[in-house]
Amino acid sequence: MAVGTAAALLAALGGVLWLAARRFVGSSVQRLHQGGDSGLMRGKTVLITGANSGLGRATAAELLRLGARVIMGCRDRERAEDAAGQLRREVCPAGGPDSGPSSGGAGELVVKELDLASLSSVRSFCQEMLQEEPRLDVLINNAGVFQCPYMKTEDGFEMQFGVNHLGHFLLTNLLLGLLKSSAPSRIVVVSSKLYKYGDINFEDLNSEQSYNKSFCYSRSKLANILFTRELARRLEGTNVTVNVLHPGIVRTNLGRHIHIPLLVKPLFNLVSWAFFKTPEEGAQTSIYLAASPEVEGVSGRYFGDCKEEELLPKAMDESVARKLWDISEVMVGILK
């Protein structure tokens, strides 16, 4: 009995040490990957949706370090201002609240209110952008809702499809003119590997006949990819590129609607610490597609871990992509 107990303890200790080593090595790779040109994005304006937490916040921090003028488009202005204050202290502590690109250090941070669950909010936001911003070099469609209970947006759309796809669809279309006049410019769309489990059901896009929160999330992420590929086709020759990515499994608050039993939480926390990416690690592909010279002129592709990846046939179906685009235009009021 004693020998068995000792063996179990040694095995557990070995597992913990292995996990710790894995995290240390992963962090080292992360730091090496970020060792780039600190002025790479100087003079460029970047809009990131959902930039007050998780992947969006990590993306904003790194692009700020690279000298960009970062606009945080967030639903909760108070939380966004708090996050912006923290970022300013972390990224440019010596340069004051907004050191600005002329200082030779970090870039500038701007907060604007944007609720992707409200088409009127998206329109107001874009009107403000067009009035106040002379250019837009990068748009990062990052915000998302993950496996929430059935609820609807202000305009009556199923929440995950409404925010993850339709809100960003309208946002991107309303800002296309500014992106084109700022070319060469980039659009970066954050999707998920879970797109593989989704399908586009044109007979029930609003999930009124049946609702499965996991399937609906996957459907919205498949819609992100189809949107990206159709937009890339429409943008040919404009010097505006659009690419889509999956960040991997990341430890963020996106899974706040998922219930984990109390007794299982310690094990889940250990597993997530060992195997899930940090937000900083998960944001690397967004940063890469937004800033790297390696993808200049590349468009309509799907990336993971800063490398191009293959898509399932259903994500490359041009007829479905065009039909989804046409229906989305009607749903958001671009076409009557």
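This is a short talk on the sheet and the nonpolar cores of the structure above.

Before anything else: this is a predicted model. I'll begin with the sheet and then go to the cores.

The sheet is open and has eight strands, in the order 3-2-1-4-5-6-7-8, with mixed pairing. Its edges are strand 3 and strand 8, residues 307-308, and each of those pairs on one side only.

Let me take the strand 3 end. Strand 2 covers residues 69-74. On one side, strand 2 runs parallel to strand 1, residues 45-49, and five bridges join the two. Within that pairing, Val46 is opposite Val70 of strand 2. To get from strand 1 to strand 2 the chain passes through helix 2, residues 54-65, and this β-α-β crossover is right-handed. On the other side, six bridges connect strand 2 with strand 3, residues 108-113, again in the parallel sense. There, Cys74 stands opposite Glu113 of strand 3.

Is strand 2 enclosed or not, and why? Buried here means under 20% relative accessible area. Five of the six residues in strand 2 are buried, so the rest of the structure largely encloses this strand.

Now further along the sheet. Strand 6, residues 240-246, pairs with strand 7, residues 302-304, through three bridges, and the two are parallel. Val244 is set opposite Tyr302 of strand 7. Helix 9, residues 284-291, lies across strand 4 (138-141), strand 5 (185-190), strand 6 and strand 7. Relative to strand 5, helix 9 runs at about 160 degrees.

On to the cores. The largest nonpolar core contains 51 residues. Which of them have the most contacts inside it? They are Leu47, Leu136, Leu171, Ile187 and Leu231. The elements giving two or more residues to this core are helix 4 (119-132), helix 5 (159-181), strand 5, helix 6 (213-234), strand 6 and helix 10 (318-331). Helix 5 supplies the largest share, eleven residues.

Leu136 is worth listing in detail. Setting aside neighbours within four places in sequence, Leu136 is in contact with Thr45, Val46 and Leu47, and also with Met129, Leu175, Leu178, Leu179, Ser182 and Ser185. Val46 is the residue I placed opposite Val70 a moment ago.

Apart from the largest core lies another one, of 38 residues. Its members include Leu63, Cys74, Cys92 and Leu245. Cys74 has come up already, as the residue opposite Glu113 in strand 3.

One general remark for anyone looking at the strands: in a regular strand, side chains alternate between the two faces of the sheet.

Definitions and conventions. Residues are numbered from 1 along each chain as its sequence is written. This is a predicted model: local features need pLDDT of at least 70, side-chain atom pairs count only at pLDDT 80 or more; totals for chains, interfaces and linings use all residues. Side-chain values use heavy atoms; hydrogens and water are left out. Buried means under 20% relative accessible area, exposed over 50%, partly exposed in between (1.4 Å probe, protein chains only). Helices (H or I, at least four residues) and strands (E, at least two) are DSSP runs, numbered from the N terminus. Two strands pair if DSSP finds at least two bridges between them. A crossover is right-handed if, with the strands pointing away from the viewer, the path from the first strand over the helix to the second runs clockwise. Contact means heavy atoms within 4.5 Å. Axes are lines fitted to C-alpha atoms, for helices over the stretch in contact, and angles run from 0 to 180 degrees between N-to-C directions. A nonpolar core is a set of buried Ala, Val, Leu, Ile, Met, Phe, Trp, Tyr and Cys residues joined through side-chain atoms within 4.5 Å.
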